[in-house]
Amino acid sequence: NSSPKPMASVCWWHLVSDLSKTGPTDIGINISPSLGTPYDREKLIEGLKKKILTGVSVHSLALDEVETKTATSGRITGLSGYHLVLPSLWQELIIKSSWSIEELWEATSFGPSKILNLPPEELNIDSNRWLLFDPQKKWVQTIHDKKGTYKAASNQPWEGVEMTGKVISCGLSQQD
């Protein structure tokens, strides 16, 4: 009698960053569980590909400027930036690790649905469950508006970094 395999997720940030890519004062260092080595990141990617891990988790915790200027040891753990998840996973898994698009969607959509015991996503007429992603769109990640004030959570990684790949539109943002 074989029992069902337990399901587990991995945070998206652990798939795209590690201690070699993040300095001691960088925004992305203060997360829980903590970041590991490049070898750890490689093994997490491998575990996800082999379906030892069921899906990718995204938990966004927005912090304001005052909270992010607190010393790392006293700062609330967490990272924000939903808009960074798909572009960074696309680059890491599709471009660098040669995953198929189907494997990426399994890890980011169908796997998490299984963990939450939800029916798999489907695209239906009049559905708002869609997104339009341009994998070649270049843009600069910023948390500031043109006047230099914060327009979003200040605990987003990669401030000022040119990114490749962007969600252009999403059905969920079309709601009234």
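In the predicted model, L48 is in contact with V10, L15, L53, T54, G55, V56, W99 and A107, when neighbours within four places in sequence are left aside. L48 also belongs to the largest nonpolar core, which has 25 residues, and is named with W12 and L89 as having the most contacts inside that core. Helix 1, helix 2, helix 4, helix 5 and strand 3 are the elements that give two or more residues to this core. Helix 4 provides the largest share, seven residues.

Helix 4 was examined further. This helix covers residues 82-96, and its 15 residues should span 21 Å at 1.5 Å a residue; the C-alpha atoms at its ends are 21 Å apart, so the expected and computed values agree. The helix has a kink of about 25 degrees, centred on W90. The residue W90 is itself buried, as are L84, V85, L86, P87, S88, L89, E92, L93 and I94. The helical partners against which the buried residues of helix 4 pack include helix 1 (12-16), helix 2 (38-49) and helix 5 (101-115). Strand 2 (55-57), strand 3 (131-140) and strand 4 (162-170) are also packed against by these buried residues. After helix 4 comes S98, which has a positive phi, near 60 degrees.

One contact of a helix 4 residue involves a charged side chain in helix 2, where R41 lies. R41 has a relative accessible area of 12%, and because buried means under 20%, this residue counts as buried. Apart from residues up to four places away in sequence, R41 touches H14, L15, V16, S17, D18, K21 and E92. Of these, E92 is among the buried residues of helix 4, and L15 is also in contact with L48.

The largest pocket holds about 1,200 Å³ of space. Its lining consists of 32 residues, and those nearest the centre of the pocket are W105, T108, S109, R129 and L131. At least two lining residues come from each of strand 2, helix 4, helix 5, strand 3 and strand 4. Helix 5 gives the most, with seven residues. Helix 4 therefore appears both among the elements that supply the pocket lining and as the source of the largest share of the nonpolar core.

The loop between helix 5 and strand 3 contains W130. This residue is partly exposed, with a relative accessible area of 33%. W130 and L172 are 42 residues apart along the chain, but their C-alpha atoms are separated by 7.5 Å.

Several loops show backbone geometry that calls for comment. Most residues other than glycine have a negative phi, and most peptide bonds are trans. In the loop between helix 1 and helix 2, where P33 lies, the bond joining S32 and P33 is a cis peptide bond, with omega about 0 degrees. In the loop between helix 2 and strand 2, K51 has a positive phi, near 65 degrees. K51 is partly exposed, at 47% relative accessibility. A positive phi, near 65 degrees, is also found for W158, which is placed in the loop between strand 3 and strand 4. With a relative accessible area of 27%, W158 is likewise partly exposed.

Terms used
Residues are numbered from 1 along each chain as its sequence is written. This is a predicted model: local features need pLDDT of at least 70, side-chain atom pairs count only at pLDDT 80 or more; totals for chains, interfaces and linings use all residues. Side-chain values use heavy atoms; hydrogens and water are left out. Helices (H or I, at least four residues) and strands (E, at least two) are DSSP runs, numbered from the N terminus. The expected span of a helix is 1.5 Å times one less than its number of residues. The bend at a residue is the angle between axes fitted to the seven residues ending there and the seven starting there. Buried means under 20% relative accessible area, exposed over 50%, partly exposed in between (1.4 Å probe, protein chains only). Contact means heavy atoms within 4.5 Å. A nonpolar core is a set of buried Ala, Val, Leu, Ile, Met, Phe, Trp, Tyr and Cys residues joined through side-chain atoms within 4.5 Å. On a 1 Å grid over the protein atoms alone, a cavity is a set of points where a 1.4 Å probe fits but cannot get out, and a pocket is an open set with protein on both sides within 12 Å along at least five of seven lines; lining residues have an atom within 4 Å of a point. Grid points are joined across faces, edges and corners, and a volume is the space filled by probe spheres set on the points.
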